[in-house]
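I opened the model and kept notes as I went. The entries below follow the order in which I looked things up.

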Amino acid sequence: MKKIILLLIFAIQFSFIYATTARYQCEDFNLNVKYNETITPGDAVFVRLTVYTPKNHKKSKSDFEKKATLQLLQEKKVIETAAFYVIPKTKKQNSVEMLCGIPVSLWLTEGNYSIKLIFANTETDIKEFILPSTLKMREFNKEVLELDSKNTAIKTDNSPERALQIDKLNNILFTTIPSDVYTLKKFTPPTESQRYTAYCGDRRVYAYTNGKSSTSLHYGNDYGVPTGTEVNACADGKVVLAETRISTGWSVVIEHLPGLYSLYYHMSELNVKEGDMVKQGELIGKSGATGLATGPHLHWEMRLNGSAVCPEFFLNNFTFESE
């Protein structure tokens with residue numbers, strides 16, 4: 001049986017995210033792990049993995065097929081899972097760097113949770129590690145929105161056109177392309193304004209003009225900015241959607257990492273088209289009040305593997321890139 005040694009080093013700070021470092025050592029490979037160990041509803045857990053192969057290790061085809069998976073467990077039940085992808089152009093010899101992120105549900109309740117790393121050095125050499133973690137709960141705002149007849153009609157629209165728009169967006173947000181690594185830098189806000197009118201995770205009741213209502217979550221942060229305010233890309237990436245939609249008006253979606261997308265809603269005009277490559281801070285459009293909106297604002301949303309994550313999480317060095 002091969003010997004595995006686990007070493008832990010806590011509280012290495014990267015911006016406002018504290019990284020925990022774990023080291024796993026065995027005969028055929030060594031793993032260095034950096035991750036944020038706090039499990040918080042609406043945030044994410046990112047793990048950066050460096051795989052070192054000893055210089056005297058006899059190479060085989062399996063050396064180029066290393067795979068890793070990240071899981072979030074409640075008790076023994078897997079509630080989130082994702083595969084690692086390779087970070088290209090590593091500067092370290094005899095090593096491969098990999099990254100993975102999993103969202104932590106906005107609906108997460110108190111309980112026993114753990115983070116599991118599964119690493120396959122070969123098809124038969126598979127190791128599982130539990131990464132030490134802590135749970136930190138979060139309180140979310142509650143609000144009631146009184147909708148006028150226009151917004152009531154949009155919110156209750158069950159037309160085939162709107163259904164197709166929802167399916168198209170979901171197909172994008174649940175797509176993960178391992179090679180699409182466009183940035184490792186921490187993100188920047190899409191506008192200079194710091195006036196928030198709503199937050200990600202807000203529990204909302206929509207009151208309709210017909211006396212009925214519905215309840216849902218708000219999946220992004222809203223900036224209360226005038227129509228025509230410049231909206232900038234929060235990070236380098238590829239524009240994968242740029243069009244007008246019934247519920248979100250003029251909208252842009254940008255892919256930044258495999259499974260990680262930023263979304264910008266209710267704009268008055270767009271400055272990009274689908275397929276464009278954009279740089280962090282580049283103008284992509286201007287704010288407005290199109291779609292379901294009670295006034296001019298910018299809705300900024302982040303999705304990871306299809307799930308909403310509070311955008312401010314990505315304003316930190318969440319990939320643990322050296323600065």
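**Cysteines.** I started with C26, which is buried because its relative accessible area is 13%, where buried means under 20%, exposed over 50% and partly exposed in between, with a 1.4 Å probe and protein chains only. I then counted disulfides, meaning pairs of cysteine sulfur atoms within 2.5 Å. The structure holds 0. C200 is in no disulfide, and its nearest cysteine sulfur, on C310, is 3.9 Å away. C200 has 5% relative accessibility, so I list C200 as buried.

**Ground rules.** This is a predicted model, in which local features need pLDDT of at least 70 and side-chain atom pairs count only at pLDDT 80 or more, while totals for chains, interfaces and linings use all residues. Residues are numbered from 1 along each chain as its sequence is written, and side-chain values use heavy atoms, with hydrogens and water left out.

**Whole chain.** I counted 2 helices and 25 strands in the protein chain. These are DSSP runs numbered from the N terminus: H or I over at least four residues for helices, E over at least two for strands. The chain has 323 residues, and 51% of them are buried. It exposes about 16,000 Å², with carbon and sulfur atoms supplying 52% of that; the areas are Shrake-Rupley values with a 1.4 Å probe, and for residues only the protein chains shown count as cover. I also checked contacts, defined as heavy atoms within 4.5 Å. Of those with a separation of 6 or more, 66% link residues 24 or more positions apart.

**Four-stranded sheet.** Which order do the strands take in the open sheet of 4? I read β7-β6-β10-β11, with antiparallel pairing. Two strands pair if DSSP finds at least two bridges between them. β7 (77-83) and β11 (126-131) are the edges; each has a single partner strand, so one side of each lacks a neighbour in the sheet. Neighbouring strands are turned by 25° against each other on average, direction ignored. Axes here are lines fitted to C-alpha atoms, for helices over the stretch in contact, and angles run from 0 to 180 degrees between N-to-C directions.

I went through the pairs next. β6 (residues 67-74) runs antiparallel to β7, joined by 6 bridges. L73 has V78 of β7 as its bridge partner. β10 (residues 113-120) and β11 are also antiparallel, with 6 bridges. F119 is bridged to K127 in β11. A hairpin of 5 residues connects β10 to β11.

In a regular strand the side chains alternate between the two faces of the sheet. I looked for this along β11. K127, F129 and L131 point to one face and are buried. I126, E128 and I130 point to the other and are not buried.

**Three-stranded sheet.** I found an open sheet ordered β13-β15-β16, with mixed pairing. Its edges are β13 (142-146) and β16 (213-217), each with a single partner strand, so each has one side without a neighbour in the sheet. The average turn between neighbouring strands is 20°, direction ignored. β15 (residues 203-207) pairs antiparallel with β16 over 5 bridges. V205 sits opposite T215 of β16.

**Cores.** A nonpolar core is a set of buried Ala, Val, Leu, Ile, Met, Phe, Trp, Tyr and Cys residues joined through side-chain atoms within 4.5 Å. The largest has 34 residues, and F46, Y264, I284 and F314 touch the most other members. β5 (44-52), β20 (249-257), β21 (260-270) and β24 (298-304) each supply at least two of its residues. β24 gives the most, with 4 residues. Apart from this core lies another of 28 residues, among them Y24, L49, A82 and L131.

**M302.** I picked M302 in strand β24. Buried or exposed? M302 is buried, because its relative accessible area is 0%. Beyond its neighbours within four places in sequence, its contacts include F187, C234, Y261, V309 and F314. Y264 is 38 residues from M302 in sequence and 9.1 Å away, C-alpha to C-alpha.

**Positive phi.** Most residues other than glycine have a negative phi. N305 has a positive phi near 55°. N305 lies in the loop between β24 and β25 (307-309). F320 is not a glycine either, and its phi is positive at about 60°. F320 falls in the segment after β25. I noted F320 as buried, because its relative accessibility is 1%.
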